[in-house]
Amino acid sequence: MNIQWYPGHMTKAKRQMQEDLKLIDLIIELIDARIPFSGRNPDIRTMGNGKARLIILNKADLADERLNRKWMEYYKEQGAQVMLTDARNRGSLKQIQPLIQEACKEKIERNLRRGIKNKPIRAMVAGIPNVGKSTFINSVSGKASTKTGNKPGVTKGKQWIHLNKGLDLLDTPGILWPRFDDPEAGVRMAFIGSVNDEILQLEELSLKLIEYLCERYSGVLKERYDVDESLESAKILESIAVNRNCLAKGNEVSYAKAAAILMDEFRSGRLGRITLESPDEVTEK
Ligand code: G4P
């Protein structure tokens, strides 16, 4: 399954972000904790080389706790400032101020040497579509100011959010990159809802998800849908359709409806906390 999605507005957004780099001190890079490696946009990773950076592994509440810890270690070992968050929960963002201070230590010290005190840190919030940027900004600022929505790729204008905590945030549109070299990366981004569903074959995608879950999280599908996981994936999808009463015209079993249910329940965490990749595999690669 080869998924590619790079609509024109993302090229424009990337160009704008590159221009805005001169306005900021820090990049706050949000990565989905369920795909902490393949969901990291290489264009954002290499953007603003030399700028301070804070990595937020967001939607950690939907990801596997054991792997959350491993991914934290992985990024810390690379010298990054990193934290796990559930952006909907302000409590999980408590450590953000000390981490920002740490990430921007050099800049703050330089300012102090020049007699500049309390200058707000200006941070760009960046990440792929649907990773939770707007939710994150709303939680950090305590306001429902930015637009959130689950349709990836919704274009937003440039938006600064001035907080009275010595922090200014620059919201940016979610961007992907021109080519997913690893086809698995495209599939994983589609699993978590960062690729527009309208360009996807949801049935085919759901078969891939079934394969993945049977291999890595055995028992999850059995528990949720009472299906026999030893069957081939198309049969499992059919069983989900039957068990959930998914019918099309003429009372035929609807694979499309079952696929939509499976994708939705996976994305919203109703299948449990699932992470699609581990640092060990990445190191091997
Ligand atoms: P974006 O700006 O990066 O595109 O993402 P946005 O904040 O719009 O978030 C996309 C969806 O992800 C929203 O759900 C949001 O509530 C959810 N979300 C964001 N952060 C987290 C998190 O840490 N954990 C969980 N579980 N969900 C998170 P939605 O269904 O599209 O909208 P809503 O019904 O919540 O308003």
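## Starting from Ile28

Skip the close sequence neighbours (up to four places away), and Ile28 touches Leu54, Ile56, Ala123, Met124 and Val125. This is a predicted model, so keep that in mind as you click around.

Ile28 is also one of the residues with the most contacts inside the largest nonpolar core, alongside Leu26, Leu57, Ala123, Met124 and Val125. That core has 75 residues. Its largest share comes from helix 8, which puts in six residues. The core also draws at least three residues from each of domain 1 (8–171) and domain 2 (201–284).

## How the two domains meet

The domain assignment splits the chain into domain 1, residues 8–171, and domain 2, residues 201–284. Taken over C-alpha atoms, their centres are 32 Å apart.

Where they meet, 13 residues of domain 1 are in contact with nine residues of domain 2. On the domain 1 side, that touching set breaks down into eight nonpolar, four charged and one polar residue.

## Helix 7

Helix 7 covers residues 183–191, and it is largely enclosed by the rest of the structure because seven of its nine residues are buried. Which ones are buried? They are Ala185, Gly186, Val187, Arg188, Met189, Ala190 and Phe191. Note that Arg188 is on that list.

What do these buried residues pack against? Their partners are helix 8 (202–216) and helix 11 (255–267). Just after helix 7 comes Gly193, with a positive phi of about 90 degrees.

## The annotated binding site

An unreviewed UniProt entry lists a "binding site" made up of Asn58, Lys59, Ala60, Asp61, Asn130, Val131, Gly132, Lys133, Ser134, Thr135 and Gly174. Two of those listed positions, Val131 and Thr135, are worth a look here.

Val131 sits in the loop between strand 4 (121–126) and helix 6 (133–141). Buried or exposed? Val131 has 30 C-beta neighbours inside 10 Å, so it counts as buried. Leaving out residues up to four places away in sequence, Val131 touches Leu30, Ile31, Asp32, Asn58, Gly174 and Ser194. Asn58 and Gly174, among those contacts, also appear in the UniProt listing.

Thr135, for its part, is found in helix 6. With 20 C-beta neighbours inside 10 Å, Thr135 counts as buried too, and since the cut-off for buried is 20 or more, Thr135 sits right on it.

Methods:
Residues are numbered from 1 along each chain as its sequence is written. This is a predicted model: local features need pLDDT of at least 70, side-chain atom pairs count only at pLDDT 80 or more; totals for chains, interfaces and linings use all residues. Domain bounds come from an automatic or database domain assignment. Two residues are in contact if their C-beta atoms, placed from the backbone, lie within 7 Å. Ala, Val, Leu, Ile, Met, Phe, Trp, Tyr, Cys and Pro count as nonpolar, Asp, Glu, Lys and Arg as charged, and the others, Gly among them, as polar. A residue is buried if 20 or more other C-beta atoms lie within 10 Å of its own, exposed if 12 or fewer, and partly exposed in between; C-beta atoms are placed from the backbone. Helices (H or I, at least four residues) and strands (E, at least two) are DSSP runs, numbered from the N terminus. UniProt positions are given in the numbering used here, feature names are shortened, and annotations may be inferred rather than shown by experiment. A nonpolar core is a set of buried Ala, Val, Leu, Ile, Met, Phe, Trp, Tyr and Cys residues joined through C-beta atoms within 7 Å.
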